[in-house]
Amino acid sequence: MNLSRKLMIEPGSRLRLSRCDPGDTPGFNSKASAARVLEKNLARLAELQYLLYAQNRHALLIVLQGPDASGKDGTIRHVMSGLNPQGVVVTPFKVPSAEELDHDFLWRVHQKVPPRGDIGIFNRSHYEDVLVVRVHELAPREVWSRRYEQINAFEKMLVENDVRILKFFLHIGKDEQKKRIQERIDDPTRNWKLSASDFEERKYFDDYRKAYEDVLSHCSTPTAPWYLVPSNHKWFRNLAVSQIIVEALEELHMKFPPPQIDLSKFRLQ
Ligand code: ADP
């Protein structure tokens, strides 16, 4: 099954997250069957990364967004495990610094867009500026409401400059989030992951849902689509993200560049 087609959010469509089952596993009915495909995808991903680097024409930007405990870190750990670290940079976007706040909201983001040949992974992203900023009223509506168009224009410019953009929304249910936070409370080796915001932000779960619905409806574009990844099952989440990345890189039809020198003129002594 082509998961890109299945999970891509149709540009311009009006999405209701309450109608999307976060426990869905389209095309797969067991962890074991998905594990075999995941393994194959990771091996292919390593080959494609090598080609991406060799060809040095495109960059790949992967954007990960989702509620707290939706598995952004876990996705990076699992799906990117087979990549050559030399060509990958992960950027987490946290509360902006004073310097960052003195610039436009895309300033800090643009600097972290990967160069040709590389893969960049955003753990959170410029979308926080229409999510947390909207939910907590960190900027007035007339400021954040203009950002959907600004983001679309920014991403269009990147795509036109050979940056392939894949945006993944990790969709989990409120109960699943509670279960995962509870696991962090119960496991002393994972207590360090907890912050006050994990408890506080749950109160805003529905507000975030609404903000996400607007992001996914306004900013899934033909050139930089959003993928809705049902993520209650971690094994499906990893499988889906790996597969969509492989499918996107395959579509670039990359080839090894010809030698930069005339090899017939050289003899290795
Ligand atoms: P994470 O939850 O990603 O593992 P943290 O616990 O440090 O890491 O959380 C990062 C915090 O930074 C999140 O609460 C996120 O909403 C916030 N953040 C990111 N970008 C912005 C932004 N542009 N404006 C305000 N807060 C932001």
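**Ligand shell.** I began with the residues around the ligand in this predicted model, and by class I found 6 nonpolar, no polar and 5 charged residues in that shell. I then listed the surrounding residues by name, which are Phe93, Lys94, Val95, Pro96, Arg108, Arg124, Glu128, Asp129, Val132, Val133 and Leu138.

**Polar contacts to the ligand.** I looked up the distances from polar side-chain atoms to the ligand and noted that an N or O atom in the side chain of arginine 124 is 2.7 Å from a ligand oxygen atom, while a polar side-chain atom of glutamate 128 lies 2.9 Å from an oxygen atom of the ligand. For aspartate 129 I noted a side-chain N or O atom at 3.1 Å from a nitrogen atom of the ligand. I also recorded that the ligand on its own has 570 Å² of accessible area, of which the protein covers 75%.

**Arginine 124.** I returned to this ligand-shell residue for its backbone and found it in the loop between β3 and α6 (132–135), with a phi near 70 degrees, a positive value in a residue other than glycine. Most residues other than glycine have a negative phi. I put arginine 124 down as partly exposed because its relative accessibility is 25%, and the buried class ends under 20%.

**Glutamate 137.** I noted a second positive phi, about 50 degrees, at glutamate 137, which is not a glycine either. This residue is found in the loop between α6 and α7 (141–144), and I counted glutamate 137 as exposed because its relative accessibility is 68%, where exposed means over 50%.

**Strand β4.** I checked burial along β4 and found 9 of its 9 residues buried. Val163, Ile165, Lys167, Phe169 and His171 point one way from the strand, whereas Arg164, Leu166, Phe168 and Leu170 point the other way; the charged names Lys167 and Arg164 are thus among the buried residues, one on each side.

**Neighbours of β4.** I followed the pairing next and found that β1 and β4 run parallel, joined by 7 bridges, with lysine 167 in β4 as the bridge partner of valine 63. With strand β5 (residues 226–230), β4 pairs in the parallel sense over 5 bridges, and there I saw leucine 170 opposite valine 229.

**Helix α3.** Which residues of helix α3 (residues 72–79) are buried? I listed Lys72, Gly74, Thr75, Ile76 and Val79. The buried residues of α3 pack against β4 (163–171), and also against α2 (31–55), β1 (59–65), β2 (88–92), β3 (119–123) and α12 (234–251).

Conventions: Residues numbered from 1 in each chain as written. Predicted model: local features only at pLDDT ≥ 70, side-chain atom pairs only at ≥ 80, totals over all residues. Heavy atoms only, no water. Near = heavy atom within 4 Å. Polar contact = N/O pair within 3.5 Å; in protein donor to acceptor, adjacent residues only side chain to side chain. Areas by Shrake-Rupley, 256 points an atom, 1.4 Å probe, with all protein chains shown as cover. Buried < 20%, exposed > 50% of the residue type's maximum accessible area, 1.4 Å probe, protein only. Helix = DSSP H or I, 4+ residues; strand = E, 2+ residues; numbered from the N terminus. Contact = heavy atoms within 4.5 Å. Pairing = 2+ DSSP bridges.
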